[in-house]
Structures are given as structure tokens and as C-alpha cells.
Amino acid sequence: MQSVEDKAILTYQENMKFFEEKHTRLHGMLVALETLLSEGKYPQKYELEYKNGYFDVLELSSQTYLYNQDSKKYSDKLVDEISFKKNDQVFESFYNFNYNSEAVDLLKNADAYFPHATTAAITSYHQKNIDTSMNMIKVYKFIFIGVGLGLHIKHIIKKIDAQVILITDSDIELFRLSMFTCNYKEAIGNKTAFFSIAQNPLEFAATFQSFFEVAIIRNHYLKFSLFSSKDQGTIKEIQKSILTRPEKCYSHSRLLEKSKNLINRLNKDYKFLNLQKKVSETFFDDKPILVLGAGPSLHAEVEWLKNNYKDFIIVAPLAAVQVLYKLDISPDIVVHIDENVPLAKRELDSFDDKSFFNKSVFIFTASVAEIFFDTFEKEQIYLLEDRTSYKLNHCFIDAASVGEACYGIALSFTNKDVYLLGLDLALGDDGSSHAKDHSDYVSIDTSSVDQVSESETLDRAVTEIKGNFRSKVKTIPLLAMSIPVVNIHTQNLKSENQKIYNLSDGAFFENTIPTHSADIHLGHPIDRSDFKNQLISLFDKYSSMSLSEEETKELIAKKGRLTHYHDSLTAFKESSSANEELLMQNYVKLLDSMVNYHQDELHQIMINYLLNTTTYVSDLFNTRELKNKKTHVKKIKKIIITLMEKVIKAYELEISKIVDEIQHAE
């Protein structure tokens, strides 16, 4: 008879072979750990013990046990806790909007650019028929948060028969011990599995997104098992990953409006600015750039700014200019990317004297509100694209917020040193999200940083990240989602010998130098006697005002690709809807036809739209208590077709308009 010890060693060996074949990165980490353990170079924290007929883990430093009870019984309890209930141990991947019948009727008549106009009918239909206390027919996706010895994993997977699995644990040594007691190959079988073991936040986010994007229509409720309270931090990481997904942060209706605004700007002789890295431009050689953000550090450093601003070219978002206005410091380059009309009016109305901007040059995304084009002279304005690609001459800026847009613009034009101030992307000590003169200044309660709640929001879910001057600073997802973009700009645009000095008491950025403002005294004021005209001359050199032949051809091609969307929708309309199984099969075909198509603006709009609506349809028919399914099939199919047509036709109207203008001008 095989001994317990022999069986454990065999299980470990089988696991190592499984990971070597299927999960090579994890296997590499485990091999490295084995080497360190064998050489005595790893400070071992745990020992696996077998006692009283079960395994437990002894923590050597505290001499306490992980389970401190029969681990089999504890694992059985974890299995018993898993139910098919929609309100039990789940992550919700949707915004829980509630609409009354009057609101739904009003939204039916609103155009596709109006928020919720093309989603309310689906979400409200789901709400009318589905209660959170109901049960799923099937759990398609499942997350294990913390592994322990993994004794529960096989039994939970067998109980729910989920097809896509995510297994997470922050401790690789503990996970290694689970490999003696849990046969992962046997437990997972033919399921699709993802492992996040001892990953940093960025690595975890990438793994979670890979898990999320498999069977995307099954993400409405994501079931999970929490091994112990020590693993609760992963819950916040998962919530943050869901909250910061592109479709959650930037709705399809905003993308549609952005595309419309840009299309209407293409043929109006505005200057689109090329942001490709300038390797030979000498204009900035003796002029360091100070990139300002609207974070708390900007307000904290006003005295240094007053004394040193003349030494820098100042690039600032409009959101930060109110601080400069009160100091009578005119920014050289003002950046704005948000198309929100009320915000634009509020920002501009805060400046009593618009002549303050007479010496400034403006860089806007082409979709900003019309009030900016009415307020400032055309020769001062340069345009960029954000989330669209109608221009093909490097006019695109990758940005989650205006702060990193300013940084990307600065890096593209200089090989000289760049200084960052107010680009905190973190909360101040008082919980402030912005400088005190910022119109969106709020103070957030940061006491929830170690707490887990059922629902979180982009602007309230407080987490800790690596700080620039401090080991940890507090932030919220709305700010933190910009950090990877800052790092991408540095990676793509920073010259080899260029130095980036981060003067902000906020988030840490890769390949930048944490530097206190007190250590920065350049003492070489820039001659600004004709500076605005010099900037305009330089930017004109890297701008285009008219559509090239290639850009015109691509616009015509974009219009031509609309046929595919109409044909796909027609095929779905004419497909069989005899029951919910056939409806879902044909619905998935429709989604595949749109997802796996040419990537352009309409493709991106439709992807965001589908990601925010399809899970409602999937969950509706994955409800055990749902009655009269044939009636629901007919009604929901009609809603799907009506709303998709509304989105596609809105885009078609604008792209056809510009193509017709071009063709009539020829």
C-alpha cells in the first residue's frame, strides 16, 4: 500500500510536469524556488505536516497552523458554501442601473449619443424579470481566492462544473506545499485555467484580464471561493480590475460621440499635430519642460513654482491652469482632452479674463466641446486623436486622463530633461484627489483602504500603491489606471540619456527620478519675448491640415465596412428563435462576426457596447426560475436588434456625411 508520504511526492511530481506543459511561467517560478530551497538561500516559512489523518501547514515563525483543525473538514465546509445563488459569493461585472418605465420610454426616443439610450431597454428588461436571489442554471466561470492546501479545489470544480477557472494565491511557498496535496491536472481536467501565483498588482491585473476575456458573455456574476481572511486583498484587486476595464470607464455612447465630433472636424482645416518622437528637433535643447498635473502636490508646491517657473516650458492641463491663473503664470502649452460640454463651460467660466491665454498654444483632442473652438483663435489650436484613428500621421495620444497626455506630448518633442509636478495619481494625506483650486476637488475617506466591501466605485475604492517619496501612498482606481499609461509613454518616448524628474508626493513611475523641488534650481530663465510664435512655427512644421489620399481612401473603406455589420444583424434577425438555446447560439454567432472583424472606430464602439450589454442577455437565460422562456426569447431578440441598429446607423450617418463631402468636392 502506497504511503501518505510517497503519494504526496508523486502528486507533487505530476503537478510539476503539468505546469511545465501547460503553465510554463509558473513552472519557472517553482523551479527557481526549488533551487533556492535546496541551496538554503530561501528563508523557509512553512512546513507541511501530516497528523491525525490530515495535512496541515506549520508557520515556523509563529508556530501556528494554517488550518488548526481537520483540513478535510474545513475544505468540505468551503465546498458546502458554494451555491448557485446570484447574490452569494459573486463579483458583479455590471453597473447596477435602475430605470423606471418612464425613463425607459424617454430613452427609447433619445439618439444613440445619449447615455443609456441604447442599453436601458436591455438592462431594465433584465431587472424586471431577474431577482438577485434567484439561482444560476450553470456557473460558467469560477475564481479561487487563496489556495491553502488546495483540498477543496477539485470538489468545487466538480460541484459547479465551471469551464473557466482562475486560481490565485499571493504566497508561492504555500502554493508549492499545495502541490503535495492537490493534483491540479486531475482537478482542472479539460477546463480552461489561469494561475496568478505571487504576482505583483500589474501582473495580477494582466492575468485577470485574460481570464475575464474568455467567454466574455458569461461575466455577469463571477462566482468565487475565499480560502481565508488573509486573501481578502485579492478581492479589492479583482474589483479594481473590473472597474478599470475600458468599457466600464469609457462607454460606447461616449466613443460614438467622440467619433462624431472628430469626423465633423476633419474637413475644417484644423491642424492635427504629429506626436512621433522628434529626434532632431533643436528648439527644446536648452529649454527643460515642466509638466504639471492637477494633483495635490501642485498646490503644495506653489511657492517653488512661483520662484522657478521662468526656467521651464510649462505644459499644463486646463484643469490645473486655475492654480497658475491665481499666480499670474501663463502656461506655454494648455492641454484638454475631455469632450464633456458642462465641464468645458465650467472650466472656461472660471477665468474672468480670457486674455490670460493670449500667450498660450492649445493642444486638444479633436472631440472636445465646441466652446473651445469658439473661445480661442484657430491658429493657436492643434488637435490630436484619442481612441480614434482617422488621421494616419501619428496624431494619436494614448491617455486615460489629461495628465499623462501632457506628459506624452512633452516627451514627443524633447530629448531634454522633463520635470513632473502635480501628476500625483494618488490621494493627498487629507484624502484630496486634486489641487484645492481644481473644480473636481474632493476629499475621500481613506479609512477603507484595508476594508473589503461588496461594491466599489472608480472614485471611492481606496487602495495602496508604491509611492514616489514614500513606500506606500493611497489612491483610487480612477487615478491609478493612469499609472501604466505614464509608464508606457516613458518606455516608448524617453530618449536613452533623457532624465525624468518626478517632483510629486504621489505615485511612483518607472524610469523616473524621485526628486524634491527644493533640490531643483536651474536659474536659466527662458526668453519668452516671441515664444508663442516660435512654438506655433515649430508645431506647424509637424502638423497637417488636410486629408491625405491614403486617409481619404481609409474613410471610404470605413463606410464600406458598414455592410458587414448590417449583414450580420440581418442574419441574426432571420435566424431561428425557437428556444433560448438557439437564440443564444445565433447571438454568439452575431457577436463573433463583430468581434472578429476589422478593427476600426465602429469595431471599438461595438466591442464596448457588446461588453456592457451581452452579459444581461446571457444571465437572463441562465436563470433557473425564469418562466415562459419562448416569450422572453422573442422580446429580447427584438430589443437586441433595435438597439444595435440604432448604434450602427448613428455611426453610418456621420461617416457617410464626410465621405459624401469629400466625393462631391472632387
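**A note on rings and cavities**

1. A good place to begin is R254, which lies over the face of Y250 at 4.0 Å from the ring centre. Here a charge sits over a ring if NZ of Lys or CZ of Arg is within 6 Å of the ring centre and within 35 degrees of the ring normal. K278 lies over the face of Y542 in the same sense, at 5.0 Å from the ring centre.

2. Please keep in mind that this is a predicted model, where local features need pLDDT of at least 70, side-chain atom pairs count only at pLDDT 80 or more, and totals for chains, interfaces and linings use all residues. Residues are numbered from 1 along each chain as its sequence is written, and side-chain values use heavy atoms, with hydrogens and water left out.

3. The count of aromatic pairs comes to 45 (rings of Phe, Tyr and Trp, the last by its six-membered ring, with centres within 6.5 Å; planes under 30 degrees apart are stacked, over 60 edge-to-face, the rest tilted). F19 and F195 form an edge-to-face pair, 5.2 Å centre to centre with 85° between the planes. F19 lies in helix α1 (residues 4–22) and F195 in strand β7 (residues 192–197), so the pair ties together parts 176 residues apart in sequence. Helices (H or I, at least four residues) and strands (E, at least two) are DSSP runs, numbered from the N terminus.

4. Both F19 and F195 are buried, meaning under 20% relative accessible area with a 1.4 Å probe, protein chains only.

5. Ring pairs also link Y270, Y325, F351, F356, F357, F362, F364, F372, F373 and F376 into a cluster.

How values were computed:
Buried < 20%, exposed > 50% of the residue type's maximum accessible area, 1.4 Å probe, protein only.
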